[in-house]
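User: Please take a close look at one part of this predicted model. I would like a connected account of how two helices pack, what lies beside them, and how the chain they belong to meets its partner.

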Number of protein chains: 4
Amino acid sequence: MQRFSEIVDRYRVLFFDSYGVLKNSKGLLDGVPEALADLRDRGKRLYVITNDSSRPPHKLAKAFEHPVYGPLIHPDHIISSGLLATRFLTRKINSGTVAYLGKDDSAHYIRAAGLRAKPVAECEHEEVSAIVLLDDEGFEWSSDLNSAVNIARRGPIPIIVANADLAYPVDGHRIAVAIGALGGMMERLLGRKFIYFGKPDTSMFSYAWAQVQALEPEVTKGDILMVGDTLETDILGANKFGLDTALVLSGNTRPEDAQRAIMSTGIVPDHVCASIVD
Amino acid sequence: MQRFSEIVDRYRVLFFDSYGVLKNSKGLLDGVPEALADLRDRGKRLYVITNDSSRPPHKLAKAFEHPVYGPLIHPDHIISSGLLATRFLTRKINSGTVAYLGKDDSAHYIRAAGLRAKPVAECEHEEVSAIVLLDDEGFEWSSDLNSAVNIARRGPIPIIVANADLAYPVDGHRIAVAIGALGGMMERLLGRKFIYFGKPDTSMFSYAWAQVQALEPEVTKGDILMVGDTLETDILGANKFGLDTALVLSGNTRPEDAQRAIMSTGIVPDHVCASIVD
Amino acid sequence: MQRFSEIVDRYRVLFFDSYGVLKNSKGLLDGVPEALADLRDRGKRLYVITNDSSRPPHKLAKAFEHPVYGPLIHPDHIISSGLLATRFLTRKINSGTVAYLGKDDSAHYIRAAGLRAKPVAECEHEEVSAIVLLDDEGFEWSSDLNSAVNIARRGPIPIIVANADLAYPVDGHRIAVAIGALGGMMERLLGRKFIYFGKPDTSMFSYAWAQVQALEPEVTKGDILMVGDTLETDILGANKFGLDTALVLSGNTRPEDAQRAIMSTGIVPDHVCASIVD
Amino acid sequence: MQRFSEIVDRYRVLFFDSYGVLKNSKGLLDGVPEALADLRDRGKRLYVITNDSSRPPHKLAKAFEHPVYGPLIHPDHIISSGLLATRFLTRKINSGTVAYLGKDDSAHYIRAAGLRAKPVAECEHEEVSAIVLLDDEGFEWSSDLNSAVNIARRGPIPIIVANADLAYPVDGHRIAVAIGALGGMMERLLGRKFIYFGKPDTSMFSYAWAQVQALEPEVTKGDILMVGDTLETDILGANKFGLDTALVLSGNTRPEDAQRAIMSTGIVPDHVCASIVD
């Protein structure tokens, strides 16, 4: 174990997972605003790399605004898996309606590709050119999952899952089924492969790296540290992309499980810290 | 391909899958009442082996009552995967509440084990000793799947899935997500194994065989023919149990796909027929 | 935790898993001969339910012969998954050559079905009607797994895996890849389903139960106790079949892991004992 | 369907899969040398993106040397999944021995990271810091897969699979088990996740893209076309990375299967061509 404040010196850019590292569903974790403000003041560039595609980046950024310290993460530094869905749709889909599962806020990632987006529930008579699974909220699961399955059967329609997570924590004890789990279920039922974006897929990290290269041209990969609470997504993906990684024990991985989890998965972070407030 | 009427002579007992062989969601398939009545008049014993655990056997039997030919399948001859759930609960669960997903009719299979059954939605403060997934209808998917996941996390609670099917046909074109798919999703999310009953699990066939032995002691396994429309469930399970099998092309497996499906799965029925009306 | 000697009184028939319960690769575990002899003297019927299909039952029985106590398990009481393969082949395969992976001793289970058995390596120009995976030893993995894959591609040839285990212990520390793992690999590569026998598949238990019914007609299912060291195979399969189960901690499940394993799998044995020598 | 010669005009850089597009195990496909020479003469930059990590890039390049047309693909333009293994090892492993499965030629990718490489067979008493699966040839499967499994159990040793392919074609009819299938088998047996490189993982494409950016700074992603014969690896990975794709029907995907494969997978190439010689 190391103290986070001691390991950050050697890095210029910090990639943070959101839940379990910076915040939970109640808000920013204790001490996080001060810690982020301090890093910002020390000239570190702060990014959030998140599988949350429930709303546009500027709305996701609001979660990091503090009454005293101000905006702690710039909207351009929020890398949501939704952005990768936008990029894919931009290049690959040219017409028709894109059907989605999620709230209207999440449809931002479809409209940002210049395409017409409609909830699955409204696509019975639409010419659907792609289906995007964005968020577990905002639709009626029973009717709309069945509708999505049957729309998918119409033809070679690409189905994009913009968040591969199976579950997310609601509070200290409860978890909720995430859209990635619903996508996996549909995938097996239909017997075909969907297109997943989001950690640990390395395209999240190459997208973020391209953004860093555009904004901070002199930064090298060795200047970046990925900080996450989940070995199988945050740490594995960043390790594969060639970034240094730090596992924090303030979220999904509890202190008493860390050794065994690293041991059994073989996913080895470069650093292990109690939290970023350390 | 063979004519069903020509192959049935050598068998005394017929095990039928229900959907795609005898009925669809609109009712009995054309010619099926006459065909079943004829088999019954010829002294054949008729059973239905079904993964449908949505209501008690006597209610499932109603689907086979005909205004002219009368009751075509006796309730004691309806072998539902729900019966295997009942047997498991009888032996293994002695107290507490059994939480279920499904309609009240499906809870029959829990109450038949002498246990208190409550919908998952009402189990927030119950001492839950088992969870049973019985039917995709009768509950609110979003809230109750999340509740079920969190109840499961309380302890070593066995979770029984009384219907392993991933989907079922709604009409000629549309399919619906079945409770087995929802169970599979929960299983992966929780990272633990559930207990599945239903074809192709051989316990369905050994349960049916025990019933036949009790009712028709002189019958041997070689006197039984399993008739199904799905290779991976009906035919595989019966083949493994040592029964002769007939694949009919009136349901899930369409005539143009039959050769390729048998070829690619290596699941080989003893007979292939267009339908039981043949 | 309970003492095994205290729980066995209520049972008349004992089903034992072999490895980790009665023996390891060096021989019978300490105290097991005495324990088995004592149970035998008390009139208990002793069976072994094993996924080991490497040699005929009478040869498997030799492992349970003791210089002082004599033969402890009768060959007719050794239920090997190979016997289920024999039964399947008897009913379903009528001609041609059955290609196998394993030692010549394992081919017993094919010849017992009245069929010609040849190692995969000798089947380049044979008319192969089925492939059976029996044992991880006795063939050259690289050449023969490749040959088996290509034989499988010739047509709708059923592929039977007579031992679903992924690994087996070689000694206290080392494990070895079992034929079930090789079968799983071939299955995914070919994109088709194989036919597996062996625990936890309930057909193992129904086969054993049929044998008990033939030999001890007055025994009921409630008189049987399944004793195993692995939750996911021994305990799950027997629980599903409706038998009482005892988990022993002398093999795969170590004492310090038992609580967590039961907790996380939801597979609950009726009894937990240190070993059968207790 | 389109003619390859008609679609290439708009692209400046061509990424080719190797097997089934440019060559088979006998050598370059008919007409390929002329086609590549023509593209080269027209100023197109030619790269090979391959999951083949059996030998160093300069040796892989030899397969593309032609007696008349000379070297058709430059060694610096061969992007092998082995290179991603090298990059990972460089950043993440600092000491100890790296154990590998494969021929000595494949160990290049470990030594290129400045690490000591030894075949798994020689690592019984080595301090192993990582295991890399490079090639299906060059080792004795039975003994060395078992050794690799037991080395893996020693601790949190990362296990890298430098080729995710399950099988590869040996000739027009036969296929062979690839190292990716052996890795998958070990992964399931050990119950832990390995680190896979190779298509469709987007890190292959971002690595290639970084190489293109270094060599041809004015090229944009839109100037690149990925040409492959397999939807699930070549086309899916490139589509996800944001590149245009062309499926050729000279390898894994036969003309009569193309429509159905695209239909059922939902993986849609931008172009479909008979071959690159068209």
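Analyst: What follows starts with a helix pair in chain C, moves to the loop before one of the helices and to chain D, and ends with the interface of chain B and chain C.

The model is predicted, and every value below is computed from it. Two packed helices are described by the angle between their axes and the distance between the axes. In chain C, the pair consists of helix H4, residues 81-92, and helix H8, residues 202-215. Their axes come within 10 Å and cross at roughly 90°. Because angles of 65 to 115 degrees count as roughly perpendicular, H4(C) and H8(C) are described in that way.

The contact can be given residue by residue. From H4(C) come Ser81(C), Leu83(C), Leu84(C) and Arg87(C), and they meet Ser203(C), Met204(C) and Tyr207(C) of H8(C). By class, the residues of this contact are four nonpolar, two polar and one charged.

The loop between strand E14 (195-196) and H8 of chain C holds Pro200(C). The peptide bond that joins Lys199(C) to Pro200(C) is cis, with omega at about 5°.

Chain D can be described in the corresponding terms. Here Pro200(D) is found in the loop between strand E14 (195-196) and helix H8 (202-215), and the bond from Lys199(D) to Pro200(D) is cis, with omega near 10°. The axes of helix H4 (residues 81-92) of chain D and H8(D) come within 10 Å and cross at roughly 90°, and these two helices are therefore roughly perpendicular to each other. On the H4(D) side the contact involves Ser81(D), Leu83(D), Leu84(D) and Arg87(D); on the H8(D) side it involves Ser203(D), Met204(D) and Tyr207(D). These residues divide into four nonpolar, two polar and one charged.

The next point is how chain C relates to chain B. Two copies of a chain are related by a rotation about an axis and a shift along it. For chain B laid on chain C, the turn is 180°, the shift along the axis is 0.0 Å and the RMSD is 0.0 Å. The two copies are thus related as by a two-fold rotation axis. Within chain B, the C-alpha nearest that axis belongs to Thr202(B), at 3.0 Å.

The interface itself has 36 residues of chain B in contact with 36 residues of chain C. Of the interface residues of chain B, 100% are also interface residues in chain C, so the copies meet through the same surface. Between them the two chains bury about 2,900 Å², with 51% of it on carbon and sulfur atoms. On the chain B side, Arg91(B), Lys92(B) and Lys240(B) lose the most area to chain C, together 23% of what that side buries. The rule finds six salt bridges across this interface. Lys92(B) also meets Asp270(C) in a salt bridge, at 2.4 Å from N to O.

Definitions and conventions
Residues are numbered from 1 along each chain as its sequence is written. Chains are lettered from A and ligands numbered from 1 in the order in which they are written. This is a predicted model: local features need pLDDT of at least 70, side-chain atom pairs count only at pLDDT 80 or more; totals for chains, interfaces and linings use all residues. Side-chain values use heavy atoms; hydrogens and water are left out. Axes are lines fitted to C-alpha atoms, for helices over the stretch in contact, and angles run from 0 to 180 degrees between N-to-C directions. Helices (H or I, at least four residues) and strands (E, at least two) are DSSP runs, numbered from the N terminus. Angles under 35 degrees count as roughly parallel, over 145 as roughly antiparallel, 65 to 115 as roughly perpendicular and the rest as oblique. Contact means heavy atoms within 4.5 Å. Ala, Val, Leu, Ile, Met, Phe, Trp, Tyr, Cys and Pro count as nonpolar, Asp, Glu, Lys and Arg as charged, and the others, Gly among them, as polar. Copies are superposed by least squares on the C-alpha atoms of residues with pLDDT of at least 70 in both. Buried area is the accessible area (1.4 Å probe) that two parts lose on being put together, summed over both. A salt bridge is a side-chain nitrogen of Lys or Arg within 4 Å of a carboxyl oxygen of Asp or Glu.
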